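Reader: Hey, got a minute to walk me through this one? I'd like to start with a stretch of the chain and then work outwards.

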4 protein chains.
Amino acid sequence: MTEQASSNDGKRPTLGVAMVGHAFMGAVHAHAWRSVARFFDVPYSPRMVVLGGRDPERTARAAERMGWADSTTDWRALVERDDVDLVDICTPGDTHAEIAIAALEAGKHVLCEKPLANTVEEAERMVEAAERARERGVFAMVAFNYRRVPALALAKKLVDEGRLGELRHVRAAYLQDWLADADAPMTWRLRREQAGSGALGDIGAHIIDATQFVSGQTITGVSGMTETFVRRRPSENAADGMEDVTVDDCAVFTARFASGAVGSFEATRYALGRKNAMRIELNGSKGSLAFDFESMNELWFHDGTEGETTGGFRRIVVTEPTHPYIGAWWPPGHVLGYEHTFTHEIADLLTAIDAGTPVEPSFADGLRVQRVLAAVEKSAENGSKYIEV
Amino acid sequence: MTEQASSNDGKRPTLGVAMVGHAFMGAVHAHAWRSVARFFDVPYSPRMVVLGGRDPERTARAAERMGWADSTTDWRALVERDDVDLVDICTPGDTHAEIAIAALEAGKHVLCEKPLANTVEEAERMVEAAERARERGVFAMVAFNYRRVPALALAKKLVDEGRLGELRHVRAAYLQDWLADADAPMTWRLRREQAGSGALGDIGAHIIDATQFVSGQTITGVSGMTETFVRRRPSENAADGMEDVTVDDCAVFTARFASGAVGSFEATRYALGRKNAMRIELNGSKGSLAFDFESMNELWFHDGTEGETTGGFRRIVVTEPTHPYIGAWWPPGHVLGYEHTFTHEIADLLTAIDAGTPVEPSFADGLRVQRVLAAVEKSAENGSKYIEV
Amino acid sequence: MTEQASSNDGKRPTLGVAMVGHAFMGAVHAHAWRSVARFFDVPYSPRMVVLGGRDPERTARAAERMGWADSTTDWRALVERDDVDLVDICTPGDTHAEIAIAALEAGKHVLCEKPLANTVEEAERMVEAAERARERGVFAMVAFNYRRVPALALAKKLVDEGRLGELRHVRAAYLQDWLADADAPMTWRLRREQAGSGALGDIGAHIIDATQFVSGQTITGVSGMTETFVRRRPSENAADGMEDVTVDDCAVFTARFASGAVGSFEATRYALGRKNAMRIELNGSKGSLAFDFESMNELWFHDGTEGETTGGFRRIVVTEPTHPYIGAWWPPGHVLGYEHTFTHEIADLLTAIDAGTPVEPSFADGLRVQRVLAAVEKSAENGSKYIEV
Amino acid sequence: MTEQASSNDGKRPTLGVAMVGHAFMGAVHAHAWRSVARFFDVPYSPRMVVLGGRDPERTARAAERMGWADSTTDWRALVERDDVDLVDICTPGDTHAEIAIAALEAGKHVLCEKPLANTVEEAERMVEAAERARERGVFAMVAFNYRRVPALALAKKLVDEGRLGELRHVRAAYLQDWLADADAPMTWRLRREQAGSGALGDIGAHIIDATQFVSGQTITGVSGMTETFVRRRPSENAADGMEDVTVDDCAVFTARFASGAVGSFEATRYALGRKNAMRIELNGSKGSLAFDFESMNELWFHDGTEGETTGGFRRIVVTEPTHPYIGAWWPPGHVLGYEHTFTHEIADLLTAIDAGTPVEPSFADGLRVQRVLAAVEKSAENGSKYIEV
């Protein structure tokens with residue numbers, strides 16, 4: 001850790017942070033880095049050292065706007081800087097492995113956006129690098145931010161306390177609609193070489209991780225089906241103005257969890273009218289839970305032991321001081337938003353680094369998701385045959 | 001048609017009705033037979049002639065309570081009676097084929113509870129009998145009553161009008177929880193020889209029919225997974241007090257529809273806290289629909305052509321005079337219940353018989369569902385392999 | 001009670017019923033009379049003797065359709081018939097007092113639609129008649145049917161059990177929109193001489209009774225404000241085609257309950273998009289309740305003793321066998337509708353008549369509502385000054 | 001404006017900000033000052049110069065945590081500092097007038113928390129000071145932050161566009177429950193001399209301002225009722241450990257708006273289970289709107305011109321780029337939280353200062369609310385008599 005004093009707290013050591021990528025994810029991460037020490041009693045005071053990007057001018061402007069002291073187009077130099085303690089990777093999936101492994105080998109902690117990688121092989125190499133780094137006190141986290149939605153953190157707590165009993169059903173869907181228009185233009189997210197997969201890896205990865213996290217169980221096998229509804233889209237990169245979409249537009253799959261529970265999953269960007277409906281429901285022998293990110297401050301919990309006369313799904317407004325992460329924020333009912341999940345994530349990461357305790361979700365968690373993604377694709381290519389993970 | 005005068009309308013001919021079975025379904029059907037001519041301008045005045053059952057005393061008491069003039073334990077005699085024009089079959093699935101075929105051969109119209117039969121073979125024989133009967137002016141209908149939920153009838157109308165555009169997604173679930181308690185006793189619904197299958201045939205059949213009905217498309221293939229969570233249950237029939245459950249407790253499956261749309265289905269009686277959550281969502285290129293039977297008077301419609309600033313899923317309270325079936329009932333907002341779907345079904349059946357027009361859902365529709373059920377089971381037995389229907 | 005045998009049950013004595021009025025309310029009541037003994041173990045078998053109306057032909061047709069054996073345009077003859085044991089009054093409010101008092105004096109039980117009367121003076125005379133009749137074993141009930149919504153009956157039960165603690169707040173609204181269109185035609189409901197008042201007496205009366213019923217407390221004073229938004233409407237009765245609206249279009253008022261709780265009330269037919277939103281919320285020191293008739297099968301209950309971490313308003317789907325009235329109907333989640341409240345009402349009435357126990361809501365309950373209505377009007381005429389009831 | 005360069009943007013002039021008060025409101029405002037220039041293209045780069053508070057040590061710690069360069073216990077010195085251009089007042093209401101007037105006279109722009117003051121007289125003096133300052137190019141804004149909830153800003157836009165037609169009904173409630181426990185301790189918010197009033201001024205003020213803002217109409221008269229449910233609370237300040245509550249616990253009132261629309265209002269901190277339910281509904285002749293802050297990213301809009309068959313309240317998820325303020329944040333469905341309203345408020349304030357255009361809500365808007373508050377109290381003291389505003 002760099003020893004220089006924090007600008008906002010004489011007692012906390014600073015932690016030099018570098019970030020690569022400055023689009024949507026970069027903007028959210030930067031806001032979290034700026035905010036975390038204002039609200040949470042984190043052991044480090046983050047110093048926003050340098051931002052990496054492809055275009056020098058745009059990167060410099062972004063750095064200025066977001067509050068990074070410096071900018072660069074050379075991510076290799078960035079990961080080697082002495083004043084950098086942690087590298088935050090917000091780039092497309094095809095670059096994750098290379099940057100993360102280099103950073104870990106340079107002794108920098110890593111926070112890496114999800115999905116961890118574009119292939120299982122890459123993810124395996126990243127896990128190996130993370131394990132080697134771990135022995136030297138260097139930490140790696142994959143940014144499945146939805147684990148830090150207070151409602152989902154509360155959900156996990158209820159499961160851990162046994163409030164659901166034996167798990168029977170998991171149903172999850174991540175529904176967006178930004179591709180429902182067949183004329184929407186091509187983006188990197190629709191190219192296999194950059195994005196790895198389509199809805200499956202982008203948003204399906206979130207519900208795979210979130211259901212494994214909340215249930216405390218791994219997925220042991222899947223049967224999948226994928227579809228690409230719009231196979232060519234307008235593109236500036238193509239001679240004829242149209243470029244092939246090389247990823248799935250949607251993925252549906254059934255699954256089994258370690259305990260024998262049955263799962264149903266769906267990821268799509270064609271659910272017209274659903275903006276960011278990340279929905280999770282769990283049914284157990286004693287209780288049930290339901291969540292929809294479009295109402296992110298609510299967790300629905302049914303306590304089956306309540307009895308039928310007064311039992312029912314209760315809408316818990318997850319804004320009480322006793323709820324996860326909420327103590328740092330506002331009074332009850334003064335709701336949080338999407339960006340808070342990243343501030344929570346970074347707060348937990350800083351705390352874990354300081355305490356030397358395992359960071360979750362780890363790269364191994366990310367690999368576990370990657371293996372499920374690969375199994376879904378393999379199943380889809382083989383007539384939906386059940387594939388063990 | 002019998003010529004005798006109706007008790008409540010001198011001008012309408014009566015139609016003699018016999019019913020077999022007097023449990024839950026029988027009670028609902030009887031209420032519909034009593035009510036239909038009070039609210040709808042149907043061409044016949046139903047006369048409730050005779051009720052069939054197994055136990056003479058219980059059947060007689062049920063007949064008296066429900067308003068049937070006579071009772072019998074001999075269904076073969078019942079279907080032969082001259083004063084019977086229509087036979088309404090409310091028995092378990094293993095008896096449907098025998099009774100329905102006998103009734104049709106005796107020249108009686110048939111209304112048969114769902115699923116149509118316990119096997120595809122039985123269903124095929126029933127369809128043949130129905131086709132032969134049809135040539136003689138005798139009609140057969142399978143009682144997928146959810147088609148007559150006003151909200152779902154409206155949904156179909158919107159699809160037919162093109163308000164959804166090209167269909168991309170169908171997701172459907174039928175969630176109940178009456179078996180979540182592992183100590184709940186054995187019933188005929190958990191024996192394969194009587195019920196054919198478990199959640200799959202009982203409630204899964206409803207969402208298969210309803211999604212095919214609303215979308216106007218058939219399911220062309222499925223990949224399924226089933227599970228029995230509680231394999232033995234308390235039973236008076238068993239020597240050791242415990243009897244094997246021989247059907248599925250839940251079924252999840254993915255599907256493809258004729259147009260290429262992708263479907264996700266789930267049927268379970270273990271979704272603790274969900275009482276009768278028959279949920280259907282459709283996403284198309286121009287609009288989306290959502291429905292949950294627990295709020296049966298509401299249809300959620302998103303018109304994608306509305307534009308993003310004021311667009312959103314709208315909660316249509318389906319109680320307006322312009323909505324299907326509602327003109328016969330109460331003013332706006334004075335909601336209907338489950339039983340009304342049966343009254344609507346019978347009203348449509350009587351109208352079709354009189355007009356000589358096709359009755360829907362026909363036995364062929366019932367067979368179509370049966371084939372999907374069989375394909376799901378076959379897929380589940382073969383490692384979830386995709387099976388064409 | 002007449003001694004002749006019931007058509008559907010040899011053991012239960014019949015009870016001869018006459019009904020006056022055959023519009024919306026008449027149709028609902030008739031359905032309840034036809035259905036009650038099919039589902040509830042009531043001590044009498046109702047015989048539908050005669051229907052009274054103004055126009056002979058229309059009344060005869062309605063009688064035939066609804067199942068009344070006879071019809072008449074002479075309500076005085078109707079109440080004197082020997083084969084009539086009970087008179088059900090479904091006419092506009094200006095005729096309630098005269099018919100009800102005559103029927104009671106003739107020794108007939110009375111079921112009278114709400115509001116009980118058009119003035120406090122009429123209501124007082126009706127209560128006197130009911131009290132005199134009561135001494136002779138003759139019963140009178142006012143048809144505040146919402147007391148028999150299972151969710152509201154459950155709400156009352158929870159209040160009676162102390163689950164809300166000390167009551168602090170009552171907020172109630174009854175929102176409809178059928179007059180929002182300024183061109184909607186004149187009806188008798190908009191004439192003071194027939195309807196007594198407008199939204200206030202028609203739907204405001206329901207929320208006054210329902211909140212007093214559920215809370216177990218009387219309203220002790222009110223401060224009111226009324227408004228007529230559209231003062232003339234198209235009418236066939238008027239020479240120039242337009243007739244004056246002589247009642248309120250909406251009424252808003254604040255109130256105090258006996259225990260010191262504070263109430264807020266609103267009744268309107270101009271809440272565009274709200275079809276029959278009869279909403280009630282109660283907040284106490286230990287718990288809260290919320291209800292909206294548009295979702296009539298749901299009661300929302302917050303148990304304040306649950307603790308903040310897992311506490312929340314729970315959506316009780318009021319369709320369990322342990323819920324009020326539900327045992328007579330369908331399995332959980334198979335929802336009921338508006339008309340069931342009348343069947344419940346009549347079941348309770350028949351049971352009370354047989355047991356000789358007090359009938360609720362009594363005419364005295366109806367008078368209590370009438371006094372609140374009068375106080376609201378008086379306050380509205382006097383600059384919203386607080387008026388004790 | 002001070003000329004020194006911004007730390008994050010060489011081209012924008014900085015604006016020196018001082019804040020007085022560092023409790024809940026102070027923390028939210030500070031976060032907004034830190035964030036505004038990161039997301040909005042505001043004309044100034046705020047520099048967080050100095051924080052004022054009562055206790056030197058606590059103020060210094062708060063300044064460090066929140067990011068203020070300096071701290072002081074002398075607010076008079078603070079408002080005179082040359083490097084301060086704007087004073088942000090986050091103190092209890094009894095100090096607003098003194099600080100705001102001093103700041104305005106010192107030529108500093110003022111952002112003042114609501115309610116504007118504790119009395120109409122104070123508010124009038126503040127308006128006078130603001131008007132004098134305005135002539136010198138100095139601006140004053142009162143912080144009714146709910147105007148900057150994107151859903152409410154969209155609501156106003158729809159009203160302004162005529163989508164509601166002629167307004168008939170306004171119903172508003174602000175429901176919290178943090179005083180439902182009779183043993184909750186005394187706070188300054190329960191002392192008249194500090195807080196001015198109770199629920200009325202604290203949260204009732206918000207719904208008064210918000211309904212006037214959205215409807216574009218002023219309230220012209222009210223009839224009110226207030227209550228204090230718990231009259232003594234545990235207090236460290238009192239000899240016997242119990243202190244008198246000297247403000248209202250709740251206020252209910254009816255109102256008239258300029259156009260003749262009728263309003264119903266309620267503010268309480270005793271609605272057990274409601275955490276921050278700021279609810280607003282408007283019904284017009286052509287459309288209706290509904291909002292509840294507990295679901296702050298949703299606006300419900302009913303377009304009455306849609307027709308009854310497909311009409312219904314639509315749930316607009318107010319997270320589209322075309323919605324107010326959203327362009328600065330995340331993609332659709334990535335919801336915002338409470339704190340964003342303050343960032344929006346400050347963005348608008350900075351823009352108005354630069355453009356020299358009127359700032360809203362102005363101190364005159366704050367006075368307008370204050371007059372309604374005073375009229376409600378006067379009415380409550382006079383038997384709920386209607387008081388013109």
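Author: Sure. This is a predicted model. Take residues 16-135 of chain A to begin with: the span is 49% helix and 20% strand, and its end C-alpha atoms lie 21 Å apart.

Reader: What does UniProt call residues 16-135 of chain A?

Author: An unreviewed UniProt entry lists that stretch as "domain: Gfo/Idh/MocA-like oxidoreductase N-terminal".

Reader: And what does UniProt list for residues 154-289 of chain A?

Author: There the unreviewed entry gives "domain: GFO/IDH/MocA-like oxidoreductase". Residues 154-289 of chain A are 21% helix and 37% strand, with 10 Å between the end C-alpha atoms.

Reader: OK, zooming in. Is helix α4 of chain A mostly covered or mostly uncovered?

Author: Mostly covered: 7 of the 10 residues in α4(A), which runs over 96-105, are buried. Among them are H96(A), I99(A), A100(A) and L104(A).

Reader: What covers the buried residues of α4(A)?

Author: The cover includes strands β1 (14-20), β4 (86-89), β5 (109-112) and β6 (140-142) of chain A, along with helices α3 (75-80) and α5 (120-135) of chain A. Just past the end of α4(A), G107(A) has a positive phi of about 80°.

Reader: Which residues touch the most other members of the largest nonpolar core?

Author: A100(A) and A100(D), in a core of 548 residues. Leaving out residues up to four places away in sequence, A100(A) touches I89(A), V110(A), C112(A), M126(A), A129(A) and A140(A).

Reader: New topic. How is chain A divided into domains?

Author: Domain 1 covers 14-145 and domain 2 covers 149-388. Taken over C-alpha atoms, the centres of those two domains of chain A are 23 Å apart. Their contact takes 38 residues from domain 1 of chain A and 38 residues from domain 2 of chain A.

Reader: Which element gives the most to the domain 1 side of that contact in chain A?

Author: α1(A), with 8 residues. On that side of domain 1, α1 (24-39), β5, α5 and β6 of chain A each supply at least two residues. The side divides into 26 nonpolar, 9 polar and 3 charged residues.

Reader: Now the chains. What turn lays chain A on chain B?

Author: A turn of 180°, with a shift of 0.0 Å along the axis and an RMSD of 0.0 Å. That is the relation of a two-fold axis. The C-alpha of chain A nearest the axis belongs to K385(A), 2.2 Å from it.

Reader: How many residues does the contact take from chain A and from chain B?

Author: It takes 33 from chain A and 34 from chain B. The elements giving two or more residues to the chain A side are β7 (167-175), β8 (219-227), β11 (250-257), β12 (262-268), β13 (277-284) and β14 (287-292) of chain A. By type, the chain A side has 13 nonpolar, 15 polar and 5 charged residues.

Reader: Why do you say the copies meet through the same surface?

Author: Because 100% of the interface residues of chain A are also interface residues in chain B.

Reader: What about chain D, what lays it on chain C?

Author: A turn of 180° and a shift of 0.0 Å along the axis, with an RMSD of 0.0 Å. In chain D, K385(D) comes closest to the rotation axis, with its C-alpha at 2.2 Å. The contact takes 33 residues from chain D and 33 residues from chain C.

Reader: Last thing, backbone oddities. Which peptide bond near omega -10° is cis?

Author: The one from K114(B) to P115(B). P115(B) sits in the loop between β5 (109-112) and α5 (120-135) of chain B. The bond from E360(B) to P361(B) is also cis, with omega near 0°, and P361(B) is in the loop between α9 (340-355) and α10 (363-381) of chain B.

Reader: And what is the phi of Y325(A)?

Author: Near 75°, a positive value in a residue other than glycine. Most residues other than glycine have a negative phi. Y325(A) lies in the loop between β16 (313-317) and α9 (340-355) of chain A.

Reader: Is Y325(A) buried or exposed?

Author: Buried, because 22 other C-beta atoms lie within 10 Å, and the cut-off for buried is 20 or more. S384(D) also has a positive phi, about 65°, without being a glycine. With 30 C-beta neighbours inside 10 Å, S384(D) counts as buried.

Note on methods. Residues are numbered from 1 along each chain as its sequence is written. Chains are lettered from A and ligands numbered from 1 in the order in which they are written. This is a predicted model: local features need pLDDT of at least 70, side-chain atom pairs count only at pLDDT 80 or more; totals for chains, interfaces and linings use all residues. Copies are superposed by least squares on the C-alpha atoms of residues with pLDDT of at least 70 in both. Two residues are in contact if their C-beta atoms, placed from the backbone, lie within 7 Å. A residue is buried if 20 or more other C-beta atoms lie within 10 Å of its own, exposed if 12 or fewer, and partly exposed in between; C-beta atoms are placed from the backbone. Helices (H or I, at least four residues) and strands (E, at least two) are DSSP runs, numbered from the N terminus. A nonpolar core is a set of buried Ala, Val, Leu, Ile, Met, Phe, Trp, Tyr and Cys residues joined through C-beta atoms within 7 Å. UniProt positions are given in the numbering used here, feature names are shortened, and annotations may be inferred rather than shown by experiment. Ala, Val, Leu, Ile, Met, Phe, Trp, Tyr, Cys and Pro count as nonpolar, Asp, Glu, Lys and Arg as charged, and the others, Gly among them, as polar. Domain bounds come from an automatic or database domain assignment.
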